[in-house]
Amino acid sequence: MGDLKATTVKDAIKNWEEVNNESASEAIYVGLQFQWPPIEKMDNSLSVLTKCEKLSLSTNMIEKITGLSALRNLKILSLGRNYIKAFTGLEQLSDTLEELWISYNLIEKMKGILGMRKLKILYMSNNNVKEWAEVIKLADMESLQDFLFVGKIRNFKYEK
């Protein structure tokens with residue numbers, strides 16, 4: 001990207017407000033996907049999105065999930081096509097999040113997703129899960145209704 005600085009969440013929200021002629025703090029859906037330059041860090045600037053039920057931050061360069069604690073109404077979170085390595089940071093959404101779209105990231109382990117009590121839909125194709133045992137852990141999630149997992153598991157061993 002050369003000399004271009006990453007777009008901050010704060011700037012992305014400000015740009016969204018200008019384009020949509022709406023206050024982000026009142027919005028039900030906020031799309032911050034495809035930012036140029038891309039967003040590299042989620043942060044507490046997201047806390048203004050108190051009424052947001054669907055948030056998209058897909059197709060950026062985000063490595064960690066952070067800054068979501070104030071989003072008490074969030075039901076759908078789209079984080080596909082980023083550089084996210086773990087589900088860490090979702091804990092604050094365990095009682096509200098119903099759908100997580102997180103395909104095309106770098107996730108290896110299910111730790112952090114298993115405590116999501118309301119999660120119905122998990123789309124996580126093309127991540128870095130290396131062991132089938134990680135996928136099997138999702139069987140304990142009673143709320144989960146739809147799970148999309150496409151991609152190779154390199155060390156395929158299934159033992160009961």
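**Serine 143**

I began with the surroundings of serine 143 in this predicted model, and I noted that, once residues up to four places away in sequence are set aside, serine 143 touches Met116, Arg117, Lys118, Leu119 and Lys120. I then placed serine 143 in the chain and found it in the loop between helix H2 (132-136) and E6. Is serine 143 buried or exposed? I read a relative accessible area of 18% for serine 143, and because buried means under 20%, I entered this residue as buried. For its side chain I wrote down a polar atom that lies 3.3 Å from the backbone oxygen of arginine 117, and arginine 117 is also one of the residues that serine 143 touches.

**Asparagine 60**

I turned next to the loop between E2 and E3, where asparagine 60 is found. I recorded asparagine 60 as buried, with a relative accessible area of 6%. Which residues are in contact with asparagine 60, leaving aside its neighbours within four places in sequence? I listed Leu32, Gln33, Phe34, Gln35, Pro38, Ile39, Arg81 and Asn82. I also checked the side chain of asparagine 60, and I found one of its polar atoms 3.1 Å from the backbone oxygen of leucine 57.

**Arginine 72**

I stayed with the loop between strand E2 (54-56) and strand E3 (76-78), since arginine 72 has its place there. Here I noted a relative accessibility of 53%, and because exposed means over 50%, arginine 72 counts as exposed. Leaving aside neighbours within four places in sequence, I found arginine 72 in contact with Gln92 and Thr96. I looked at its side chain twice: a polar atom of it lies 3.3 Å from the backbone oxygen of glutamine 92, and the side chain reaches the backbone oxygen of serine 69 at 3.4 Å. I also looked up serine 94, which is 22 residues from arginine 72 in sequence, while the two C-alpha atoms are 9.9 Å apart in space.

**The sheet**

I then followed the strands themselves, and I found an open sheet of six strands in the order E1-E2-E3-E4-E5-E6, with parallel pairing. Which strands stand at the edges? I noted strand E1 (29-31) and strand E6 (146-148), each of which has a single partner strand, so that one side of each is left without a neighbour in the sheet. I added that neighbouring strands of this sheet are turned by 5° against each other on average, direction ignored. For one pair I went into detail: E2 and E3 pair in the parallel sense over three bridges, and leucine 55 stands opposite leucine 77 in E3.

**Helix H1**

I closed with helix H1 (residues 9-20), whose twelve residues reach 16 Å from the first C-alpha to the last, close to the 16 Å expected at 1.5 Å a residue. I marked Val9, Ala12, Ile13 and Trp16 as buried in H1. Why do the buried residues line one face of the helix? I looked down the axis of H1 and saw that its buried residues fall within an arc of 100°, so they line one face. I kept in mind that an α-helix has 3.6 residues a turn, so residues three or four places apart point the same way. I found that what covers the buried residues of H1 includes E1, whereas the face turned away from the buried side carries the exposed residues Lys10 and Glu18. I noted finally that H1 is followed by asparagine 21, whose phi is positive, near 50°.

Key: Residues numbered from 1 in each chain as written. Predicted model: local features only at pLDDT ≥ 70, side-chain atom pairs only at ≥ 80, totals over all residues. Heavy atoms only, no water. Helix = DSSP H or I, 4+ residues; strand = E, 2+ residues; numbered from the N terminus. Buried < 20%, exposed > 50% of the residue type's maximum accessible area, 1.4 Å probe, protein only. Contact = heavy atoms within 4.5 Å. Polar contact = N/O pair within 3.5 Å; in protein donor to acceptor, adjacent residues only side chain to side chain. Pairing = 2+ DSSP bridges. Axes fitted to C-alpha atoms, helices over the stretch in contact; angles between N-to-C directions. Expected span 1.5 Å × (residues − 1). Arc of directions from axis to C-beta.
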